[in-house]
Amino acid sequence: MEQGIIIFDGHCNFCSRSVLFIIRRDKRRYFSFAASQTGGGQKIIARYRLGELAEHSIVLVEGGKVYRKSTAALRIARHLGRGWSLFYICIIIPRSIRDFFYDLLARSRYRLFGMSERCFLPDPDIKERFLPDV
C-alpha cells in the first residue's frame, strides 16, 4: 500500500498538535511522520532536496512527489475521515491565494502557539508512525 510521509517542524507547538490531530483521524494509517530536525526527517529532506523549506513548511511526500504548504495540507485532509476530506475542494482556489494565507499562519505560528525547546517526541503508542531517527 502506498503511504504518505509528512515532514513537520518538531519545535513548533502548532505543527506538533497538527500531527496529533492527523494521527487521530488517519484511521487507515496512511501517513508516517518525521520532524524535520530528526535523522529520519533529515534523510527525507536530503533525498528530495527540500533544504530549508522543510523547516518552515509542512511537506508531504506522496507517490514520490513532494507537496508543500497549502497543497500539502489539503492533500493530507483528503485522507482524513469525518468530513475533513471535503476541504480538498479548496484545491480549486489558486495556489498563490491559498499559500498567501498559509504563509500568514506560518509566519505567526511561534508567536500564536509557542515553540518547544525540545523536538516533538511521540508517545510510545504512536511511535511506530514515525520514521526511525537514523
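**Buried loops, an enclosed helix and positive phi values**

User: Between which elements does the loop with Asp 9 lie?

Analyst: Asp 9 belongs to a loop that separates a strand from a helix (DSSP runs numbered from the N terminus: H or I of at least four residues for helices, E of at least two for strands). This is a predicted model, where local features need pLDDT of at least 70, side-chain atom pairs count only at pLDDT 80 or more, and totals for chains, interfaces and linings use all residues. Residues are numbered from 1 along each chain as its sequence is written, and side-chain values use heavy atoms, leaving out hydrogens and water. The elements on either side of Asp 9 are strand E1 (4–8) and helix H1 (13–25).

User: Is Asp 9 buried or exposed?

Analyst: The classes rest on relative accessible area with a 1.4 Å probe and protein chains only: buried is under 20%, exposed over 50%, and partly exposed in between. Asp 9 has a relative accessibility of 3%, so Asp 9 counts as buried.

User: How far is Asp 9 from His 56 in space?

Analyst: Along the sequence, 47 residues separate Asp 9 from His 56. In the fold, the C-alpha to C-alpha distance between Asp 9 and His 56 is 6.9 Å.

User: Which side chain makes a polar contact of 2.8 Å with that of Asp 9?

Analyst: A polar contact pairs N or O atoms within 3.5 Å; within protein, one must be able to donate a hydrogen and the other to accept it, and sequence neighbours count only if both atoms are side-chain atoms. For the side chain of Asp 9, the partner at 2.8 Å is the side chain of Gln 37.

User: Which backbone oxygen does the side chain of Thr 38 reach?

Analyst: Thr 38 lies in the loop between strand E2 (31–35) and helix H2 (39–47). With a relative accessible area of 19%, Thr 38 is buried. At 2.8 Å, its side chain reaches the backbone oxygen of Ala 35.

User: Which residues of H2 are buried?

Analyst: Helix H2 spans residues 39–47 and comes after the loop that holds Thr 38. The buried residues of H2 include a run of glycines, followed by isoleucines; in full they are Gly 39, Gly 40, Gly 41, Ile 44 and Ile 45.

User: Why is helix H4 described as largely enclosed by the rest of the structure, and which of its residues are buried?

Analyst: H4 covers residues 69–78, and 7 of its 10 residues are buried, so the rest of the structure largely encloses this helix. The buried residues are Ser 70, Thr 71, Ala 72, Leu 74, Arg 75, Ile 76 and Ala 77.

User: What is the phi of Lys 69?

Analyst: Lys 69 is found in helix H4. At 23% relative accessible area, Lys 69 is partly exposed. Its phi is positive although the residue is not glycine, with a value near 50°.

User: What phi does Arg 29 have?

Analyst: Most residues other than glycine have a negative phi. Arg 29, in the loop between H1 and E2, is partly exposed with a relative accessible area of 40%. Arg 29 is not a glycine, yet its phi is positive, at about 60°.

User: Which residue just after H2 takes a positive phi?

Analyst: The place to look is the stretch just after H2. There, a positive phi of about 50° is taken by Arg 49.

User: What is the relative accessibility of Leu 104?

Analyst: Leu 104 is part of helix H5, which covers residues 95–113. Leu 104 counts as partly exposed because its relative accessibility is 37%.
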